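Welcome to a short tour of this protein. Have the sequence and the model open side by side, and follow along from one region to the next.

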Amino acid sequence: METLQPKKGTYALEDYTKARESFDWKDVEKVFTWSKTGNVNAAYEAIDRHVKEGRGQKTALHYSDASRDETYTYSELCDLTNKASHMFRDLGVDKGDRVFIFMPRSPELYVALLGAIKVGAVVGPLFEAFMQDAVKARLEDSEATMIITTPDLASRIPHQELPSLKTIMLVGGSEEIGGINTVFYETELEKHPSDDTAIEWVDKEDGLILHYTSGSTGKPKGVYHVHYAMLQHYQTAKWVLDLQDNDVYWCTADPGWVTGTSYGIFGPWLNGATNVVRGGRFSPDDWYHTIEKYQVTVWYSAPTAFRMLMAAPKDILSKYDLSSLRHILSVGEPLNPEVVRWGWEVFHHRIHDTWWMTETGGMLICNYLSEPVKPGSMGKPFPGVHAAIIDDFGNELPPNEMGNLAVQTGWPSQMRKIWKNDAKFEEYFAIPGWYISGDTAYRDEDGYFWFQGRNDDVIMTAGERVGPFEIESKLVEHPAVAEAGVIGKPDEIRGHIIKAFISLRDGYDYSEELKKEIQTFIKTELAAHAVPREIEFKEKLPKTRSGKIMRRVLKAWELDEPTGDLSTMDD
Ligand code: WT7
């Protein structure tokens with residue numbers, strides 16, 4: 001497909017060309033109150049600053065789900081998050097404490113998250129689909145002292161096994177949980193004033209948020225970001241999401257994932273935008289209805305969602321007026337040219353890809369509205385970001401050669417550590433001066449980056465990142481399973497699906513029921529998105545002499561490709 005020329009950008013192409021030549025993150029600091037007062041807090045900059053600067057009456061949040069429909073101005077969010085900050089202070093939350101939030105999207109989630117940030121806590125958002133083991137692993141590793149949840153989800157928090165956890169805060173509940181200090185959000189919040197005196201001024205390098213994400217080995221990693229990341233959130237939301245004063249912006253991601261915080265909270269609110277949050281599950285009708293209802297202008301979603309919308313009956317589009325849309329963006333997986341073509345056809349807009357990771361905290365490679373898009377490419381590095389394709393020794397490769405996608409260290413939203421795991425952290429920076437992403441890509445002669453794949457075993461399924469190791473470990477806890485190897489299998493809608501190869505213990509035989517039972521086991525103990533949609537039973541799994549399951553051999557089997565070097569394989 002040919003290059004798609006831009007229709008109309010808020011900023012001219014020359015603005016970006018200029019920005020690429022001379023960009024200094026220091027200049028971005030000037031936007032924020034702390035450049036004048038010296039007082040740093042990202043939640044204050046995201047909410048209170050707009051009130052102080054006379055934008056308090058602007059709509060900050062449209063929230064709706066099947067049973068609620070509410071709108072909040074910046075002033076209202078300011079008061080609520082201030083009340084929450086007093087509440088957290090009274091409950092003994094100190095700067096640096098990990099406060100986790102485990103609940104479905106709701107205004108309370110956003111208020112609690114920002115309120116906790118206001119007192120200097122490091123917040124840890126957990127996706128509501130996590131089951132007990134996944135919740136426990138994350139609370140244990142982070143040594144969280146408080147978790148905010150709902151009565152429904154509270155049963156998945158094994159507080160007796162979590163010595164650091166002191167308080168469970170229930171949203172929408174009134175029954176105490178035995179054996180731990182239980183507090184009730186609504187009752188507590190009501191007691192507190194809405195002035196801003198409980199705000200903790202922090203250092204810009206102090207902790208803001210902890211997002212757990214998967215690698216190919218070991219437990220989930222706590223990716224730690226600091227308040228200074230707000231520079232990246234602000235500037236990328238301004239230039240790439242192109243957020244303007246009268247935009248209505250919808251990011252479809254849940255705050256349990258980094259997109260849902262960097263661009264579902266910080267990016268839009270730091271820019272003073274009107275933010276839409278839609279609770280509940282995906283359905284094409286519901287999503288198109290949401291765009292129509294709020295007259296959404298800027299929409300940030302994921303390839304897997306676009307592909308599901310593509311697969312919906314064609315006539316669905318004629319039921320909704322989607323003409324408010326002016327800018328559509330995507331993240332999380334390769335954005336297929338086919339999807340871009342579909343977007344052009346049905347919305348008459350280009351879908352703009354963006355590339356980044358939990359670890360990068362914000363967008364690094366992207367296309368601007370005023371730049372030509374090459375369908376299938378992720379775009380070019382953001383001003384002030386130096387991305388390159390390097391070999392394993394750190395040498396930059398010439399155009400069109402495939403290699404490691406790496407970024408020169410030092411952008412504002414770069415992770416500052418992996419929680420309690422320095423060794424893991426250092427792996428990303430093994431080549432001095434570079435952050436190594438784990439993705440392979442090439443760059444063409446025009447400077448556009450093209451994604452080729454992951455060079456580890458991490459699986460991106462329906463836009464979510466899962467580590468094979470966590471699933472394999474859980475699978476072998478099932479009494480029937482002797483060994484398990486998990487890979488991603490290419491899938492038209494989901495990008496990849498999770499496929500497990502399993503060998504059984506003596507006395508167990510393959511059956512459809514057993515397969516279903518194992519799937520249910522993963523669903524109830526780990527998470528629905530971690531369930532292997534396909535399970536193949538094998539007599540034996542390919543292993544190295546040291547006993548490691550060789551996932552690349554499983555992958556080769558699956559794709560009917562050559563298995564490559566098998567010299568380390570056991571018998
Ligand atoms: C991995 C990071 C950052 C928000 C969502 C995912 C893949 C991300 C793209 C893209 C192709 C992409 C990479 C990356 N990925 N964006 N535009 N094209 N692949 O964050 O869960 O940390 O996953 O997602 O493989 O390494 P994450």
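Let's begin at the ligand, which has a shell of 22 residues; Gly-332, Met-357, Thr-358, Phe-451 and Arg-465 are the closest of them. Four elements each give two or more residues to this shell: helix α11 (258-270) and the strands β14 (351-355), β20 (434-443) and β21 (449-454). By residue type, the shell around the ligand consists of 10 nonpolar, seven polar and five charged residues. Please keep in mind that what you are looking at is a predicted model.

**Two domains and their contact**

Now step back to the whole chain. Domain 1 covers residues 16-442, and domain 2 covers residues 457-559. Between their C-alpha centres there is a separation of 30 Å. Where the domains meet, 22 residues of domain 1 are in contact with 21 residues of domain 2. On the domain 1 side, α7 (132-142) and α13 (303-311) each contribute at least two of the touching residues. Helix α13 supplies the largest share there, five residues. Sorted by type, this side of domain 1 has nine nonpolar, 10 polar and three charged residues.

The UniProt record also has something to say about this chain: an unreviewed entry places the feature "domain: AMP-dependent synthetase/ligase" at residues 53-409. Across residues 53-409, helix makes up 29% of the chain and strand 23%, while the C-alpha atoms at the two ends are 34 Å apart.

**The nonpolar core**

Which residues touch the most other members of the largest nonpolar core? They are Ile-101, Ala-116, Ile-147 and Leu-364, in a core of 150 residues. Helix α6 (residues 107-118) gives the largest share of this core, eight residues. The core lies between domain 1 and domain 2, because both of them give residues to it.

Ile-101 is a good place to zoom in. Leaving out neighbours within four places in sequence, Ile-101 is in contact with Leu-109, Ala-112, Leu-113, Val-123, Pro-125, Leu-126 and Ile-148.

**A buried arginine**

Let's move on to Arg-138, which sits in helix α7. Is this residue buried or exposed? Arg-138 is buried, because 24 other C-beta atoms lie within 10 Å, and the cut-off for a buried residue is 20 or more. Apart from residues up to four places away in sequence, Arg-138 touches Gly-124, Leu-126, Tyr-212 and Pro-220. Phe-100 makes a useful reference point too: Arg-138 and Phe-100 are 38 residues apart in sequence, and their C-alpha atoms are 9.4 Å apart in space.

**Two positive phi values**

Finally, here are two loop residues whose backbone angles are worth a look. Gln-295 is a residue other than glycine with a positive phi, and the same description fits His-348.

| Residue | Phi | Loop | C-beta neighbours inside 10 Å |
|---|---|---|---|
| Gln-295 | near 55° | between α12 (284-294) and β12 (298-301) | 14 neighbours |
| His-348 | near 60° | between α14 (337-346) and β14 | 11 neighbours |

How do these neighbour counts translate into exposure? With 14 C-beta neighbours inside 10 Å, Gln-295 counts as partly exposed. His-348 has 11 such neighbours and therefore counts as exposed, since the cut-off for an exposed residue is 12 or fewer. The loop of His-348 also leads back to the start of the tour, as it lies between α14 and β14, and β14 is one of the elements that give two or more residues to the shell around the ligand.

Notes. Residues numbered from 1 in each chain as written. Predicted model: local features only at pLDDT ≥ 70, side-chain atom pairs only at ≥ 80, totals over all residues. Domains from an automatic or database assignment. Contact = placed C-beta atoms within 7 Å. Nonpolar A, V, L, I, M, F, W, Y, C, P; charged D, E, K, R; others polar. Core = buried A, V, L, I, M, F, W, Y, C linked by C-beta atoms within 7 Å. UniProt positions renumbered as here; feature names shortened; annotations may be inferred. Near = placed C-beta within 6 Å.
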